[in-house]
Amino acid sequence: MKLRVLVLINALAVAISLGIANYYFQHSWIHLIVTFAIALVSSYIVFYYLIERYVYSKIKLIYKLIHNLKLGKELKDALGEYVTDDPINDVETEVKEWARVKKNEIDLLKKQEQFRREFLGNISHELKTPLFAVQGYIEALQDEGLEDNETTRGFLDKASRNIDRLSLLIKDIDAISRLESGEIQINYKKFDLSLLIKEVIEQMELKASKQNIQLVFKDKYNFPTWVNADRDKIQQVLINLVSNSIKYGKKHGKTSIKIFELHDQILVEVTDDGIGIEEQYLPRVFERFFRTDKSRSRKIGGSGIGLAIVKHILEAHQQTITVRSTEGLGSTFAFTIANA
């Protein structure tokens, strides 16, 4: 409602009240009309001045500040901006929108704070586990009574494996930090995806054979599949996904890789018949250090951020990755690449 209409309604209410009161005492229609006219004009002028001077001008200022500061303008610029003719309704709308945005920001900050606490807890655990192990083996080696060469070599081997695990973790943390900050550039080039998948399978065959897992990439993919992407980064994506399927696959099982041609993209699926993932955990599998079964996952090994790296690499390519899984039956990770 505009200011003039609001003031007129109030002035009419006062004028009608005074006119009726005057008619009650004077019993004269002339006095009623004169009183009504004078009261209407004087009330309108007084109300308009008071509301404009002490209320409306303040609302205009509040509206300007809220509206313009929402746009990220400097305070001095916000104060000088033009406002509409009906700032009362506008300020109500702006305040509601501002409150909604702030509530969303607060909810996001709470989620980020929870994620930060989980991340710090996870990374401290991941770091201290191999560090404490190495520390224990070194202290054992420093024991003057330890003279068995075979035991010494065993301790050194275990310490070396934990140092390798620690190095892998630090390397992955550095990689994901650089991906998130945009420091790693994506070097696009045309290459044969089918050939790359075969190279990855050859590279991962030894690891798969230790778990008696068969890696399957059917002969129908012998023809070239040309894509446009960063070959090294996509190779890392494939290695991480295949490695993940081997770690969580069942013995004497298999991991199959399939490719499908879409309109302007190639869809790649990596499917295993392993332990699967509970439905409630599917939205979180690409989070850093997230593990559905922490004790079991840490025994299996890995840095815990392989899938997070995969997600960031594909997002840097402006592509997507999804997962579907049934607990006890296996999982399928599917991602897209731009067709060349």
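The following paragraphs lead through three places in this predicted model: a buried valine, a strand hairpin and a buried asparagine.

Consider valine 285 to begin with. This residue lies in the loop that connects strand 5 (265-272) with helix 8 (294-300). Valine 285 counts as buried because its relative accessibility is 8%, and buried means under 20%. Beyond the neighbours within four places in sequence, valine 285 is in contact with Ile277, Phe290, Leu307 and Val323. As for isoleucine 305, its C-alpha is 9.6 Å from that of valine 285, with 20 residues separating the two in sequence.

One of the contacts of valine 285, Val323, leads to strand 6 (residues 321-326). In a regular strand the side chains alternate between the two faces of the sheet. Strand 6 shows such alternation: Ile321, Val323 and Ser325 point to one face and are buried, whereas Thr322, Arg324 and Thr326 point to the other face and are not buried.

Strand 6 is joined by six bridges to strand 7 (residues 330-338), and the two run antiparallel. Threonine 326 has glycine 330 of strand 7 as its bridge partner. Three residues stand between the strands of this hairpin, where glycine 328 takes a positive phi near 90 degrees.

The final place is in a helix. Asparagine 162 belongs to helix 5 (residues 149-181). With a relative accessibility of 14%, asparagine 162 also counts as buried. Its contacts, apart from neighbours within four places in sequence, are Pro130, Ala133, Val134 and Tyr137. Proline 130 is 32 residues away from asparagine 162 in sequence, yet their C-alpha atoms are 5.0 Å apart in space.

Conventions. Residues numbered from 1 in each chain as written. Predicted model: local features only at pLDDT ≥ 70, side-chain atom pairs only at ≥ 80, totals over all residues. Heavy atoms only, no water. Helix = DSSP H or I, 4+ residues; strand = E, 2+ residues; numbered from the N terminus. Buried < 20%, exposed > 50% of the residue type's maximum accessible area, 1.4 Å probe, protein only. Contact = heavy atoms within 4.5 Å. Pairing = 2+ DSSP bridges.
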